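Colleague: Could you walk me through a few features of this model? I would like to see the reasoning behind each answer.

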Amino acid sequence: PEIAETLAVEIKKKYPTLYQIGYGPFLRKNKIFDLNVFGNGEGKILSHILNQTRGSLYLDCSTKDFNRIPFLTLDSVIHPVSLPDFDYIWYSRGCPHHCRFCVLPSFSQGRKIYRSSRLFVDEMKYRRDHYGVKDFYITDSTFNSSTSKLKKICRDIQAADLGVSWRCDCRIDFINPEQLTLLSDAGCNYLKLGVEAMNDNRLKFMN
């Protein structure tokens, strides 16, 4: 955020009438940008840009908004992409937890929204068929925070029989044999677990 703010100040010096927006998960409250947008902008941010809204506002994102986001295709990418790197995909956004050491609570407000599992599986299939992707990294911050959602998506991936493998990030305190079986049966072959510190003193310091 410091770099973005410094850049905005320099731009304002040269172009004092230019309308500038600050947006993103690491944005902090400031008076540098004409508009500070916190939260998720899909479906709503455009009207504020056109009206040149000023100040700060928090934009929410509904499941309907979330499902309206189109598949990521090579036509959407400005820079050349090598196919082995074209494997990042997300099923949900936000996090229902409030860990004090994490930036997520500041913009997800303890809320997590999910894409349609059908759309998610369809996009995996699209990337497999069009770009030859056989390995995915599901970038959700806490893929396993809801057992019911985990069951749904894992069973839908398994039923689609995509012939792909994938990896994800999970909360270590939620992992249990049932979840591990669901993940493995659906093709998950790698778990990234949030072990934030290796000693009790550091964990107490982080509360």
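Colleague: Is Leu193 buried, partly exposed or exposed?

Modeller: Happy to help, and do keep in mind that this is a predicted model. Leu193 belongs to strand β9, residues 188-193. Partly exposed covers the range between 20% and 50% relative accessible area. Leu193 has a relative accessible area of 37%, so Leu193 is partly exposed.

Colleague: Which residues make the nonpolar surface patch of about 420 Å²?

Modeller: A patch takes residues with over 30% relative accessible area, and Leu193 has 37%. The patch is made by Leu193 together with Ile172, Val195 and Met198.

Colleague: Are α6 and α7 roughly parallel or roughly antiparallel to each other?

Modeller: The axes of helix α6 (residues 147-160) and helix α7 (residues 177-185) come within 8 Å. They cross at roughly 25°, and angles under 35 degrees count as roughly parallel. The crossing is left-handed. The two helices, α6 and α7, are therefore roughly parallel.

Colleague: How many residues apart in sequence are the parts that Arg28 and Glu2 tie together?

Modeller: Arg28 and Glu2 form a salt bridge, with their closest N and O atoms 3.5 Å apart. Arg28 sits in the loop between β1 and β2 and Glu2 in helix α1, so the parts they tie together are 26 residues apart.

Colleague: Is Glu123, the salt-bridge partner of Arg115, buried or exposed?

Modeller: The closest N and O atoms of Glu123 and Arg115 are 2.8 Å apart. Arg115 counts as buried at 6% relative accessibility. With 3% relative accessibility, Glu123 also counts as buried.

Conventions
Residues are numbered from 1 along each chain as its sequence is written. This is a predicted model: local features need pLDDT of at least 70, side-chain atom pairs count only at pLDDT 80 or more; totals for chains, interfaces and linings use all residues. Side-chain values use heavy atoms; hydrogens and water are left out. Patches are made of residues with over 30% relative accessible area and no salt bridge: like charges are joined within 9 Å, nonpolar side chains (Val, Leu, Ile, Met, Phe, Trp, Tyr) within 5 Å. Accessible areas come from the Shrake-Rupley method with a 1.4 Å probe; for residues, only the protein chains shown count as cover. A salt bridge is a side-chain nitrogen of Lys or Arg within 4 Å of a carboxyl oxygen of Asp or Glu. Helices (H or I, at least four residues) and strands (E, at least two) are DSSP runs, numbered from the N terminus. Buried means under 20% relative accessible area, exposed over 50%, partly exposed in between (1.4 Å probe, protein chains only). Axes are lines fitted to C-alpha atoms, for helices over the stretch in contact, and angles run from 0 to 180 degrees between N-to-C directions. Angles under 35 degrees count as roughly parallel, over 145 as roughly antiparallel, 65 to 115 as roughly perpendicular and the rest as oblique. A crossing is left-handed if the near helix is turned anticlockwise from the far one by less than a right angle, and right-handed if clockwise.
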